[in-house]
Amino acid sequence: PDRIYLLASIIFQNTHPDKPASRRFVNYGNKRRVPLPEVKSEEQRRAYELAFNTLKYQGFLEAIITDSFRVAPPMSNDNMSLFVVMLYDFQKRKFLPRQRWEKAESIATVALVEKVILGFKTKLAASVARHRIKHHLVSVDSFLPETVKIKQERSGRLPIYAWVNTLKSSPGEVQQVLTSAGFSQVNSIGQLVDGTFCWDRHCTDTLVFPACCRSQLHSTGLLSDHKLAIQDKSCGLGPNAVFSLLPEDGDVLLAGRFSGLTVSHTAALIARQPPRVYVCVSDHTDAQRAELQETVTAMGCKTLCSSCSNY
């Protein structure tokens, strides 16, 4: 959607490194710290992914722009961040036009940049091909520096952490579903291979899977049924620490910035006890409250919407 391109361009504009004038082939204007518009968390995730992929290939994309246009493309410097973000996406898709959705919001600036890219797609595609031949690149991915390739490879091997949502299931049921789907349990992370899982030794309600099992895990239906929730382990340490220290008649108060999954995780951990989780949302926007409400409801929490909600 247009708004993801727009959000990605703002993220890129706020984070791209400033190059010396002698090495600056593309000018992105002087704007920094541009405020981000409100979007749903999934759209934000997609925008950040697009923006940071563009940052990784910034040098390559700028080389394509200067080779194709000799001078800057026919647009203002303020739109160059949007141009380079969309150029990354379009070259990744072989410059094929986007599929249009009937209810998708149309943004005039995005439409303008898209028109320019598609109008020059033959020249841009030819420039990509010349650049690959000149630098003996098997693919565009080969353009990345070796240090970035190593980091990218390591990130692709990071294990998947998922906590059991006891509001909708139980550890026993989840294990049974995983076993029926062909998974087998091992004793530690060091033993993880394709088709295996283990229990995390710090967060007792959390399962660990190898990175290669993501699609197999999705096929079990545990994620779509919200019986299992993928979340970084760092997000689960807080709720587990609170649970271990919570007195029998104590309640939990969450204040600050947190996701609906963190609220749900905390509620799931104390579901078998009398305490409740109070959530301060007075500093949240209406859109943020609605998204929080949608997430915790889907996860099976009983909710009461107000300035300070309890779950």
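Buried residues account for 40% of the 311 residues in the protein chain of this predicted model. As for secondary structure, the chain comes to 12 helices and eight strands. The C-alpha trace spans about 70 × 45 × 40 Å along its principal axes. Contacts reach well along the sequence too: of those with a separation of 6 or more, 69% are between residues 24 or more positions apart.

Aromatic side chains are a good place to start. Searching the whole structure turns up eight aromatic pairs. One of these is Tyr 5 with Phe 90, a stacked pair with 6.4 Å centre to centre and 20° between the planes. Tyr 5 belongs to helix 1 (residues 2-15) and Phe 90 to helix 4 (residues 80-92), so this pair ties together parts that are 85 residues apart in sequence. Both partners, Tyr 5 and Phe 90, are buried. A second pair, Phe 69 with Phe 83, goes edge-to-face, at 6.1 Å centre to centre and with 75° between the planes. Here the link is between helix 3 (residues 58-69), which holds Phe 69, and helix 4, which holds Phe 83, so the parts tied together are 14 residues apart in sequence. Phe 69 is buried, as is Phe 83. These two residues also join Phe 120 in one aromatic cluster.

Phe 90 has another partner besides Tyr 5. The charged end of Arg 93 sits over the Phe 90 ring, 4.8 Å from the ring centre.

Helix 4 turns up again in the helix packing. Its axis and that of helix 5 (residues 108-119) come within 10 Å and cross at roughly 55°, which means that helix 4 is oblique to helix 5. The crossing of these two helices is right-handed. On the helix 4 side, the residues in contact are Leu 82, Phe 83, Met 86, Leu 87 and Phe 90. They meet Thr 109, Val 110, Val 113, Glu 114, Val 116, Ile 117 and Leu 118 of helix 5. Phe 83 and Phe 90 thus appear in this contact list as well as in the aromatic pairs, Phe 83 with Phe 69 and Phe 90 with Tyr 5.

Helix 3 has a packing partner of its own. Helix 3 and helix 6 (residues 121-134) pack at an angle of about 120°, and their axes are 9 Å apart; that angle makes helix 3 oblique to helix 6. This crossing, of helix 3 and helix 6, is right-handed. Helix 3 contributes Phe 60, Ala 63, Ile 64, Asp 67, Ser 68 and Phe 69 to the contact, and helix 6 contributes Lys 123, Leu 124, Ser 127, Val 128, Arg 130 and His 131. Phe 69, met above in the aromatic cluster with Phe 83 and Phe 120, is therefore listed among the helix 3 residues that meet helix 6. The loop between helix 4 and helix 5 deserves a look for its backbone. Most residues other than glycine have a negative phi. Lys 94 goes the other way, with a positive phi near 60°, and Phe 95 has a positive phi near 60° as well. Lys 94 is in the loop between helix 4 and helix 5, and Phe 95 is found in that loop too. What sets the two residues apart is burial: Lys 94 counts as exposed because its relative accessibility is 65%, whereas Phe 95 is buried, with a relative accessible area of 7%.

Further along the chain, helix 10 (residues 233-245) includes Lys 233. Is this lysine buried or exposed? Its relative accessibility is 17%, under the 20% cut-off, so Lys 233 counts as buried. Leaving aside residues up to four places away in sequence, Lys 233 touches Tyr 161, Asp 200 and His 202.

Gly 236 lies in helix 10 as well, and this glycine is buried, with a relative accessible area of 5%. With residues up to four places away in sequence again not counted, Gly 236 touches Cys 203 and His 265. Between Gly 236 and Arg 130 there are 48 Å in space, C-alpha to C-alpha, and the two are 106 residues apart in sequence. Arg 130 is one of the helix 6 residues that meet helix 3.

Notes:
Residues are numbered from 1 along each chain as its sequence is written. This is a predicted model: local features need pLDDT of at least 70, side-chain atom pairs count only at pLDDT 80 or more; totals for chains, interfaces and linings use all residues. Side-chain values use heavy atoms; hydrogens and water are left out. Rings of Phe, Tyr and Trp (its six-membered ring) pair if their centres lie within 6.5 Å; planes under 30 degrees apart count as stacked, over 60 as edge-to-face and the rest as tilted. Helices (H or I, at least four residues) and strands (E, at least two) are DSSP runs, numbered from the N terminus. Buried means under 20% relative accessible area, exposed over 50%, partly exposed in between (1.4 Å probe, protein chains only). A charge sits over a ring if NZ of Lys or CZ of Arg is within 6 Å of the ring centre and within 35 degrees of the ring normal. Axes are lines fitted to C-alpha atoms, for helices over the stretch in contact, and angles run from 0 to 180 degrees between N-to-C directions. Angles under 35 degrees count as roughly parallel, over 145 as roughly antiparallel, 65 to 115 as roughly perpendicular and the rest as oblique. A crossing is left-handed if the near helix is turned anticlockwise from the far one by less than a right angle, and right-handed if clockwise. Contact means heavy atoms within 4.5 Å.
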